[in-house]
Amino acid sequence: MLLNVGTFIRSATRFSPFIITHSSPSSPSSFCFSFSPKQTVSFTLQSSQMASFTTLSQSPPKLLFRQLFEKESSTYTYLLADCSHPDKPALLIDPVDRTVDRDLNLVKELGLKLIYAMNTHVHADHVTGTGLIKGKVPGVKSVISKASGSKADVFVEAGDKISFGDLFLEVRATPGHTMGCVTYVTGAGPDQPQPRMAFTGDALLIRGCGRTDFQGGSSQQLYKSVHSQIFTLPKETLQYPAHDYKGFSVTTVGEEMLYNPRLTKDEETFKNIMENLNLAYPKMIDVAVPANMVCGLQDLEPKAD
């Protein structure tokens, strides 16, 4: 199944360059402009600096990418768009209710047309922004995995493709943190951004992984999910998690295969690690999970005194 502005089609187009932009709360913004498989220019800017440049290509960038941060839950939201397409179709991955206005303002400033608001799973530490976004932007469709059991406009399963313009995300089932976790991976092929990008939700974090002690979690299932669905991607694949608590913003599949302190262990050792984390009960779980099961739409009616 391939989703394209609400319809199901398959598409293939020519290669064109793209932009990758990522940042973290404690690091300068980084930019990488890739013009062809053999031509790459990269540099780093401090937030107070400006830079001008001349590219080697006359074609406009194809993938526009932004990494956004919500500090209360340490959640990353990702904005992707095909900015060489006439409609500039865009999608948001893991939006948070507290930062919906910020995200939509950015979409407007960049002249994008938001078509999907997506979740990697039913979150327990914050309320998703998908419901609020649907109320503010008519036509936007919410997306989540069928296995999550929650409400949405579009339910995805392993192997589905979510298309926005001439770009697409591949859906990989990565349960273990919750029953319905999925990882969204940018497409393979010469007409898609390279290196590939994997949005892993809570399944695989930077030098860590999501807990497995609630919401139908399973350490055995998570171990198999990561090793079969994420660690099988090209090692240069950029991996973007749903959260980070140490100031990191991005890693690669190859790095995590070497340095992840949990997933580099054998399955039995991993299981023992996860069973002895002794983590506190998530403070938002009793609010977040019920709200996220209905696309983040809470009962907003005033309660009687």
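**Sheet architecture and core packing in the predicted model**

In this predicted model, six strands are arranged as an open sheet in the order β6-β7-β8-β9-β10-β11, and the pairing among them is mixed. The edges of the sheet are occupied by β6 (63-70) and β11 (154-156), each of which has a single partner strand, so that one side of each is left without a neighbour in the sheet. From one strand to the next, the twist averages 25°. Within this sheet, strand β9 (residues 113-118) and strand β10 (residues 141-145) are paired in the parallel sense over 3 bridges, and Y116 is found opposite K141 in β10. Helix α1 (residues 100-109) packs on the sheet, where it touches β6, β7 (75-82), β8 (89-93) and β9, and the direction of the helix makes about 160° with that of β6.

The chain as a whole comprises 6 helices and 17 strands. Of its 305 residues, 51% are buried, and among the contacts with a separation of 6 or more, 62% are accounted for by residues 24 or more positions apart. The chain exposes about 14300 Å², of which carbon and sulfur atoms supply 54%.

A further set of pairings involves strand β13 (residues 167-173), which is largely enclosed by the rest of the structure because 6 of its 7 residues are buried. Strand β12 (residues 161-164) is joined to β13 by 4 bridges, and the two strands run antiparallel; here F164 has L167 in β13 as its bridge partner. The hairpin of β12 and β13 has 2 residues between the strands, and G165 in this hairpin takes a positive phi near 65°. Strand β13 also pairs with strand β14 (residues 182-186), again in the antiparallel sense, over 5 bridges, with E170 standing opposite V185 in β14.

Nonpolar side chains tend to be buried together in soluble globular proteins. In the present model, the largest nonpolar core has 24 residues, and those with the most contacts inside it are L80, I93, M118, I162, L169, Y184 and F199. One of these, I93, touches Y76, T77, Y78, L80, M118, T120, L169, Y184 and F199 when residues up to four places away in sequence are not counted. A second core, separate from the largest one, has 16 residues, including L79, A90, V100 and V140.

Aromatic side chains were also examined, and the count comes to 9 aromatic pairs. In one of these, the rings of Y78 and Y240 have their centres 5.5 Å apart and their planes at 65°, and since planes over 60 degrees apart count as edge-to-face, the pair is assigned to that class. Because Y78 lies in strand β7 and Y240 in strand β16 (residues 238-241), the pair ties together parts that are 162 residues apart in sequence. Both partners are buried, Y78 with a relative accessible area of 1% and Y240 at 0% relative accessibility. Ring pairs further link Y78 and Y240 with F65, F69, Y76 and F199 into a cluster. Two members of this cluster, Y76 and Y78, are among the residues touched by I93, as is F199, and F199 is itself one of the residues with the most contacts inside the largest nonpolar core.

Notes. Residues are numbered from 1 along each chain as its sequence is written. This is a predicted model: local features need pLDDT of at least 70, side-chain atom pairs count only at pLDDT 80 or more; totals for chains, interfaces and linings use all residues. Side-chain values use heavy atoms; hydrogens and water are left out. Buried means under 20% relative accessible area, exposed over 50%, partly exposed in between (1.4 Å probe, protein chains only). Two strands pair if DSSP finds at least two bridges between them. Contact means heavy atoms within 4.5 Å. Accessible areas come from the Shrake-Rupley method with a 1.4 Å probe; for residues, only the protein chains shown count as cover. Axes are lines fitted to C-alpha atoms, for helices over the stretch in contact, and angles run from 0 to 180 degrees between N-to-C directions. Rings of Phe, Tyr and Trp (its six-membered ring) pair if their centres lie within 6.5 Å; planes under 30 degrees apart count as stacked, over 60 as edge-to-face and the rest as tilted. A nonpolar core is a set of buried Ala, Val, Leu, Ile, Met, Phe, Trp, Tyr and Cys residues joined through side-chain atoms within 4.5 Å.
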